[in-house]
Amino acid sequence: MTNFSVIIPALNEEAGIASVLDRLQQLSPKPEIIVIDDGSSDKTGDIARSKGATVLRHPQPGGYGRCLKDGMKVAAHDIIAIADADGTY
C-alpha cells in the first residue's frame, strides 16, 4: 500500500476547500493532506484544520511556488500530489 501526501495551495478558498478535503479523505489509502494557507483573509485555514488537514500559514501571500516548496518541506511521503483548493484539479 502506497502512502502519499497531497499539497493544496490556498488563498481565500473558504467556499470550496471543505468539499475538496472531503473528497480527498475518501481515498484509500488516506493521504496526508497539507494545506498551505497563503495569507487568506477568510476562514480557509480554519476550515481546513477542522477537516483534519495539516495547515501551514503564510502571514502574507507568497505565491503558488512558495506554497509548493513549503508543503514539500513538511510532507511525510516521497510521493506528492498537488490539488487545487477549489476542486478544479
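Trainee: Why is Lys73 called exposed?

Mentor: Lys73 has a relative accessible area of 67%, and the classes are buried under 20%, exposed over 50% and partly exposed in between, with a 1.4 Å probe and protein chains only; Lys73 therefore counts as exposed. This is a predicted model in which local features need pLDDT of at least 70 and side-chain atom pairs count only at pLDDT 80 or more, while totals for chains, interfaces and linings use all residues. Residues are numbered from 1 along each chain as its sequence is written, and side-chain values use heavy atoms, with hydrogens and water left out.

Trainee: What makes Lys73 and Asp70 a salt bridge?

Mentor: The closest N and O atoms of Lys73 and Asp70 are 3.9 Å apart, and a salt bridge requires a side-chain nitrogen of Lys or Arg within 4 Å of a carboxyl oxygen of Asp or Glu, so the pair qualifies. Salt bridges that share partners join Arg66, Asp70 and Lys73 into one network.

Trainee: How do you know that Arg66 and Asp70 meet in a salt bridge?

Mentor: The N to O value for their side chains is 3.5 Å, which lies within the cut-off, so this pair is counted too. Both residues lie in helix H3 (residues 64-74), 4 residues apart, about one turn of the helix, where helices are DSSP runs of H or I with at least four residues and strands are runs of E with at least two, numbered from the N terminus.

Trainee: Why does Asp70 count as buried, and what is Arg66 called?

Mentor: Asp70 has a relative accessible area of 19%, under the limit for buried, and is therefore placed in that class. Arg66, at 38%, falls in between and is therefore partly exposed.

Trainee: What makes Asp46 and Arg49 a salt bridge?

Mentor: Their closest N and O atoms are 3.4 Å apart, so the criterion is met, and both lie in helix H2 (residues 44-50), 3 residues apart. Asp46 at 46% and Arg49 at 45% are each partly exposed. By this rule the count comes to 5 salt bridges.

Trainee: How do you know that the side chain of His58 makes a polar contact with the side chain of Asp38?

Mentor: The two side chains come to 2.7 Å, and a polar contact is a pair of N or O atoms within 3.5 Å (within protein, one must be able to donate a hydrogen and the other to accept it, and residues adjacent in sequence count only if both atoms are side-chain atoms), so the pair is accepted. His58, in strand E3 (residues 54-58), is buried at 4% relative accessibility.
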